[in-house]
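Me: I am in my first year and would like to take a careful look at a single part of this protein, namely its aromatic rings. Could you go through them slowly and show how they sit in the rest of the chain?

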Amino acid sequence: MSVMSLDTASTAGPATATTPGASTAGPGTDAGPGAGSGTGAAGAAGGPDVRRHELAAFLRSRRERISPEQVGLPRGRRRRTPGLRREEVAQLSAVGVTWYTWLEQARPIQVSPQVLDALAGALLLDPTERTHLFSLAGQTDPHPETPCPTVTPALRALLDQMEPVPAAVQNSRYDFLAYNRTFGRLFCDLDARPRENRNSLWLAFTDEDFRAAVTDLPEVLLQLAGKLRAAMAEHLAEPAWKELVDRLQAASPEFRAIWARHDVVDQSGRTKLIRNAEVGLLRMEHTNLWLGPTAGPRLVTYVPLDAATRAAVERLQAIVLAEESARAVPTAVR
């Protein structure tokens, strides 16, 4: 099974450091009335320098204790960092890599409760650790005692066991967090796309292979843009969301035109006809199964609606398995 990146934010180098306590408008900064004033739940306790360094040390310690496998990421061959890399935490929490790096460097930037919530999920914090995180950041937890959803090993196993039914875990920003083999080849070869491009809207508006698989593309484009706008109401200040919209507007005139209409659409599933490049036309029922609050991650399934589609999906699974077997054979044996 494959796992995708959540982060599409800027990776430009950190800006020049400011004086301690100053408000810095960097990636992910929620500058506004009261920003940097420490008026959250624990804002009055401890100086800003001490609090920032404690927060930085806490984030590093939590990051270093988590293995890539725990959050559904491949380990890779050249991993030297204990636990997760900074960019991986940024990807999993949908924030900018530069901005997260500044957090771990104790830069004087302000962090919103929504981003702290995402970081708590990415770092698998338990309720006590979550409370500590918000306290250090001087913010009030908007969802106290909320379990932190992530792509756990059990959820990854569930995706695999659902095959040949295509299934994926997707967040409210329409990034694919994880998917099984058949889903990875349902519309296009997701593994062949850069992680930052494994997003439903990006693929639908910019990827020719994905677009060719969608039989009712004009309607799907309207639906996706309307769903994104509806979901974004709770994330207007978050940099990763703004970055996605900016990328889409720069890359797609279609998206610019549809986005300007300000239409909103609900998150309900529906029947879909998919023209798969390898096994032909598929008639599927698209369903969302929420893994937490309806604004959070969901399990997306595409269930075959007839025997022909079921047989075609099984053929697709067989194709992927055969390719995996071929790659596993040593070159000398071939």
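**The aromatic rings**

Reply: A good place to begin is Tyr179, which has a relative accessibility of 1% and therefore counts as buried, since buried means under 20% relative accessible area. Phe183 is buried as well, with a relative accessible area of 2%. Please keep in mind that this is a predicted model, and that the values given here are computed from it.

The structure holds seven aromatic pairs. In one of them, the ring centres of Tyr179 and Phe183 lie 6.4 Å apart and the planes meet at 40°, so this pair is tilted; the reasoning rests on the rule that planes under 30 degrees apart count as stacked, over 60 as edge-to-face and the rest as tilted. Phe255 and Trp259, on the other hand, form a stacked pair, with 5.2 Å from centre to centre and 20° between the planes. These two residues both belong to helix H12, which covers residues 253-259, and they are four residues apart, or about one turn of the helix. Phe255 and Trp259 are both buried.

Tyr179 and Phe183 can also be placed in a wider group, for they belong to one aromatic cluster together with Phe176, Phe187, Phe210 and Tyr302. Tyr302 leads us to the strands, because strand S6 is defined as a run of residues, 298-304, and it pairs with S5 in the antiparallel sense over seven bridges. Within this pairing, Leu289 has Leu299 in S6 as its bridge partner. S5, which spans residues 280-290, is also joined by six bridges to strand S4, residues 271-276, and these two strands run antiparallel. There, Lys272 has Met284 in S5 as its bridge partner, and a hairpin of three residues connects S4 to S5.

Some rings also have a charged side chain over them. The charged end of Arg247 sits over the ring of Trp202, at 3.9 Å from its centre, while Arg298 lies over the face of Tyr174, at 4.5 Å from the ring centre.

Finally, it helps to set these rings against the whole protein chain, which contains 13 helices and six strands. Of its 334 residues, 49% are buried, and Tyr179, Phe183, Phe255 and Trp259 are among them. The chain exposes about 15300 Å², of which carbon and sulfur atoms supply 54%. Among its contacts with a separation of 6 or more, 62% are between residues 24 or more positions apart.

Methods
Residues are numbered from 1 along each chain as its sequence is written. This is a predicted model: local features need pLDDT of at least 70, side-chain atom pairs count only at pLDDT 80 or more; totals for chains, interfaces and linings use all residues. Side-chain values use heavy atoms; hydrogens and water are left out. Buried means under 20% relative accessible area, exposed over 50%, partly exposed in between (1.4 Å probe, protein chains only). Contact means heavy atoms within 4.5 Å. Accessible areas come from the Shrake-Rupley method with a 1.4 Å probe; for residues, only the protein chains shown count as cover. Two strands pair if DSSP finds at least two bridges between them. Rings of Phe, Tyr and Trp (its six-membered ring) pair if their centres lie within 6.5 Å; planes under 30 degrees apart count as stacked, over 60 as edge-to-face and the rest as tilted. A charge sits over a ring if NZ of Lys or CZ of Arg is within 6 Å of the ring centre and within 35 degrees of the ring normal.
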